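Please read these notes with the structure open beside you, and look up each residue as it is mentioned. They are meant for someone meeting a description of this kind in the first year of study.

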Amino acid sequence: MGFFQNIIHYIEPYLRFPDIIFNILDIVILTFLIYKLLKFIFKTTAEQVLKGLAIVLVVTWITSLLGLTTINWILKNALSVGVIAIIILFQPELRRGLEKFGRKSIVGLFVFKTPEIEVPTAVNDIVSVAQELSRQRLGAIIVIEKVTGLQEYIERSIPIDGVLSEELLLNIFTHNAPLHDGAVIVRGNRIVAAGCVLPLTQNPFLSSQLGTRHRAAIGITEVTDALSVVVSEETGYISIVENGKIFRNIDADRLRNKLTEVFQPKTVEKKTFITTVKEKLNRGTK
């Protein structure tokens, strides 16, 4: 009986109003953040590192219970410098996470946008080029810049700065052309660079059938928010890659729809959160 009384006495301050509301909110927010963290590292190299870290923590606890002083001392000292090691090991994931966080704007959380339904010429050009390259079995990577800048990759490649067109893309990816092995980076309606070298993905769960071209297309989307369009030289399959996920052997309609989402204007109608609430309140009072 005294045991339960001690527990009640300990948690009683946390059950007082309004403290209980803030404590529940604290738990909900912390649970949400942990869920997002686990979802973010799922099926990445960070997942394997966390599993290894969890095993080390369990072994450290067991050695403490068993009185294995030397092993326990070694493990504790290893964990004390583990924070720096984790930062180094998780550098790609940390960078990707911070970039995703940086893309979010406070205004964007309270603004609802209704996009225009208009397919620009750039979309049709990329779709036509992808189909033609697929027919000829010519490999290609077309990287479309979105919010995160790709300047560091552009500076290490061949500058083009030409208007995006079907003819220019076909000339770049023509067999034995000087720039056909690298990627093309598209910014808006312009091809800004060609012959680009992209970072390869380190995802160990990818199929062994994916070659260097596809791994590069995936790698750039893991560290930025860019969209990659890939044409396989071996199979002629057209693939799109976004957020580290690849969708293989897609048809022209699916490619066109995805590119439309990227290129279409997003400035038709904007309603702030406050305006939307006011409209709903006005409708409710009528």
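The numbered points below go from the sheet to one of its strands, then to a single serine, the helices and a few backbone angles.

1. A word of caution comes at the start: this is a predicted model, and local features are described here where the pLDDT is at least 70. Every value in these notes should therefore be read as computed from a prediction.

2. Begin with the sheet, which is open, has 7 strands and follows the order β3-β5-β4-β2-β6-β7-β8, with mixed pairing. Its edges are formed by β3 (158-163) and β8 (245-247), each of which pairs on one side only. On average, and with direction ignored, neighbouring strands of this sheet are turned by 20° against each other.

3. Which strand pairs with β4 in the antiparallel sense over 4 bridges? The partner is β5, so named for residues 190-196, while β4 itself covers residues 183-187. To find this pairing in the model, look for A183, which stands opposite C196 in β5.

4. Strand β6 deserves a closer look, and its pairing can be followed on either hand. With β2 it pairs in the antiparallel sense over 5 bridges, and A140 stands opposite V231 in β6. With β7 the pairing of β6 is also antiparallel, again over 5 bridges, and here L227 stands opposite E242 in β7. The hairpin of β6 and β7 has 6 residues between the strands, and within this hairpin G236 takes a positive phi near 80°.

5. Is β6 mostly covered or mostly open? It is mostly covered, since 5 of its 5 residues are buried. This holds for both faces of the strand, with L227, V229 and V231 buried on one side and S228 and V230 buried on the other.

6. S228, found in strand β6 (residues 227-231), is a useful residue on which to practise. Its relative accessible area is 0%, and because a residue counts as buried under 20%, S228 is buried. A polar atom of the S228 side chain lies 3.2 Å from the backbone oxygen of A217. Leaving aside residues up to four places away in sequence, S228 touches I142, V143, A217, I220, T221, S239, I240 and V241.

7. Turning to the helices, α12 (residues 252-263) packs on the sheet, where it touches β2, β4, β6, β7 and β8, and its direction makes about 155° with that of β6. This helix has 12 residues and reaches 16 Å from its first C-alpha to its last, close to the 16 Å expected at 1.5 Å a residue. Its buried residues are A252, L255, K258, L259, T260 and F263, and these pack against α8, β2, β4, β6 and β7.

8. Helix α8 (residues 121-136) has 16 residues and spans 23 Å from its first C-alpha to its last, close to the 22 Å expected at 1.5 Å a residue. Among its buried residues are V123, I126, V127, A130 and L133. The buried residues of α8 pack against β2, α10 (166-172), β6, β7 and α12. An α-helix has 3.6 residues a turn, so residues three or four places apart point the same way.

9. How do α8 and α12 meet, and at what angle do they pack? The angle is about 145°, with the axes 9 Å apart, and the crossing is right-handed. From α8, the residues that meet α12 include A122, V123, I126, V127 and A130, and those they meet in α12 include L255, L259 and F263.

10. Finally, some backbone angles are worth checking by eye. Most residues other than glycine have a negative phi. Against that background, R137, which follows α8, has a positive phi near 60°. N243 has a positive phi near 55° and is found in the loop between β7 and β8, while N249, with a positive phi also near 55°, is found in the loop between β8 and α12. Both asparagines count as partly exposed, because N243 is at 33% relative accessibility and N249 is at 46%, and that class lies between the 20% and 50% limits.

Methods: Residues are numbered from 1 along each chain as its sequence is written. Side-chain values use heavy atoms; hydrogens and water are left out. Helices (H or I, at least four residues) and strands (E, at least two) are DSSP runs, numbered from the N terminus. Buried means under 20% relative accessible area, exposed over 50%, partly exposed in between (1.4 Å probe, protein chains only). A polar contact is a pair of N or O atoms within 3.5 Å; within protein, one must be able to donate a hydrogen and the other to accept it, and residues adjacent in sequence count only if both atoms are side-chain atoms. Contact means heavy atoms within 4.5 Å. Two strands pair if DSSP finds at least two bridges between them. Axes are lines fitted to C-alpha atoms, for helices over the stretch in contact, and angles run from 0 to 180 degrees between N-to-C directions. The expected span of a helix is 1.5 Å times one less than its number of residues. A crossing is left-handed if the near helix is turned anticlockwise from the far one by less than a right angle, and right-handed if clockwise.
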